[in-house]
Each structure stands twice: as structure tokens, then as C-alpha cells.
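Student: Could we go through this model together, one question at a time? I'd like to see the reasoning as well as the results.

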Amino acid sequence: MNHWVFNCREVTQIISESLDRKLPLYQRMGIRMHLLMCKLCSRYRKQLLIISDIFHLQRLNIDDPHFHYTLSQESRERIKRSIHSHQRGA
């Protein structure tokens, strides 16, 4: 993997690794170029970052007995609509 042009399999692996370590410049540039062209890998990266943020927040609040995750009814409906629209579009 010493080149800077990556396929989707390599990109998803490198994106996952980037959560644990700083990537070399050639990988960062190669990933950036790939993400500009690949909608699926861009979506994967976005979802992985969201999951990572959720786990990070969970770790921060695990010791707080007063912290509860709740969503308003409006937020729940918005999420449902978004899921249904993505399922129809996929």
C-alpha cells in the first residue's frame, strides 16, 4: 500500500485505522481523493465517525448516574423519516 490510489476495501480499512492512529501524508491524501469520488466510502466514513463520537460520549458519561439519553418525539419522527427516505432511495 505504498501508493496513494486506494480501492474501496483499502479505504474502509484505512479509515478505521485512522481512529486509532495518525495516518501518513500519502494515505491522508489518497483517502481524501477517493472520498471526493466515492459516495459509499464517504457515507461509511461519516457513519464511523458518528459511532465513534457516540462511544466517546458514552465513556464520558458512564459514571454520571443522572445522565440519560432521551430523544424528543420530534427527533424520533425525523429519524424515522430519514431512515425511510434512505431505504427508498437505496
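Tutor: Sure, one term before we start: helices (H or I, at least four residues) and strands (E, at least two) are DSSP runs, numbered from the N terminus. This is a predicted model, so local features need pLDDT of at least 70 and side-chain atom pairs count only at pLDDT 80 or more, while totals for chains, interfaces and linings use all residues. Residues are numbered from 1 along each chain as its sequence is written, and side-chain values use heavy atoms, with hydrogens and water left out.

Student: Is His34 buried or exposed?

Tutor: His34 is found in helix H2. Buried means under 20% relative accessible area, exposed over 50%, and partly exposed in between (1.4 Å probe, protein chains only). His34 has 11% relative accessibility, so the label is buried.

Student: Leaving aside neighbours within four places in sequence, which residues is His34 in contact with?

Tutor: Contact here means heavy atoms within 4.5 Å. With neighbours within four places in sequence left aside, the list for His34 is Phe6, Asn7, Cys8, Val11 and Cys41.

Student: Which helix gives the most to the largest nonpolar core?

Tutor: A nonpolar core is a set of buried Ala, Val, Leu, Ile, Met, Phe, Trp, Tyr and Cys residues joined through side-chain atoms within 4.5 Å. The largest one has ten residues: Phe6, Val11, Ile14, Ile15, Leu23, Ile31, Leu35, Cys38, Cys41 and Leu48. At least two of them come from each of helix H1 (8-18), helix H2 (25-37) and helix H3 (39-61). The top contributor to this core, with three residues, is H1.

Student: What is the C-alpha separation between Leu48 and Ser16?

Tutor: Leu48 is found in helix H3 and counts as buried because its relative accessible area is 17%. Leaving aside neighbours within four places in sequence, Leu48 is in contact with Ile15, Ser16 and Leu19. Leu48 and Ser16 are 32 residues apart along the chain, and their C-alpha atoms are separated by 7.7 Å.

Student: How many disulfides does the rule give?

Tutor: The rule takes a disulfide as a pair of cysteine sulfur atoms within 2.5 Å. Cys8, partly exposed at 39% relative accessibility, has its closest cysteine sulfur in Cys41, 3.6 Å away, which is too far for a bond. Cys38 is in no disulfide either, with the sulfur of Cys41 nearest at 3.6 Å. The count is zero.

Student: What volume does the largest pocket have?

Tutor: On a 1 Å grid over the protein atoms alone, a pocket is an open set of points where a 1.4 Å probe fits, with protein on both sides within 12 Å along at least five of seven lines; lining residues have an atom within 4 Å of a point. H3 and helix H4 (73-89) each supply at least two lining residues, and the lining includes Arg43, Ile50, Ile79 and His86. Grid points are joined across faces, edges and corners, and a volume is the space filled by probe spheres set on the points. For the largest pocket, that comes to about 440 Å³.

Student: And which helix gives the most to the lining of the second largest pocket?

Tutor: That pocket holds about 190 Å³ of space, and its lining includes Ile15, Leu23, Arg28, Ile31 and Leu49. The elements that give two or more residues to this lining are H1, H2 and H3. With four residues, the one that gives the most is H2.
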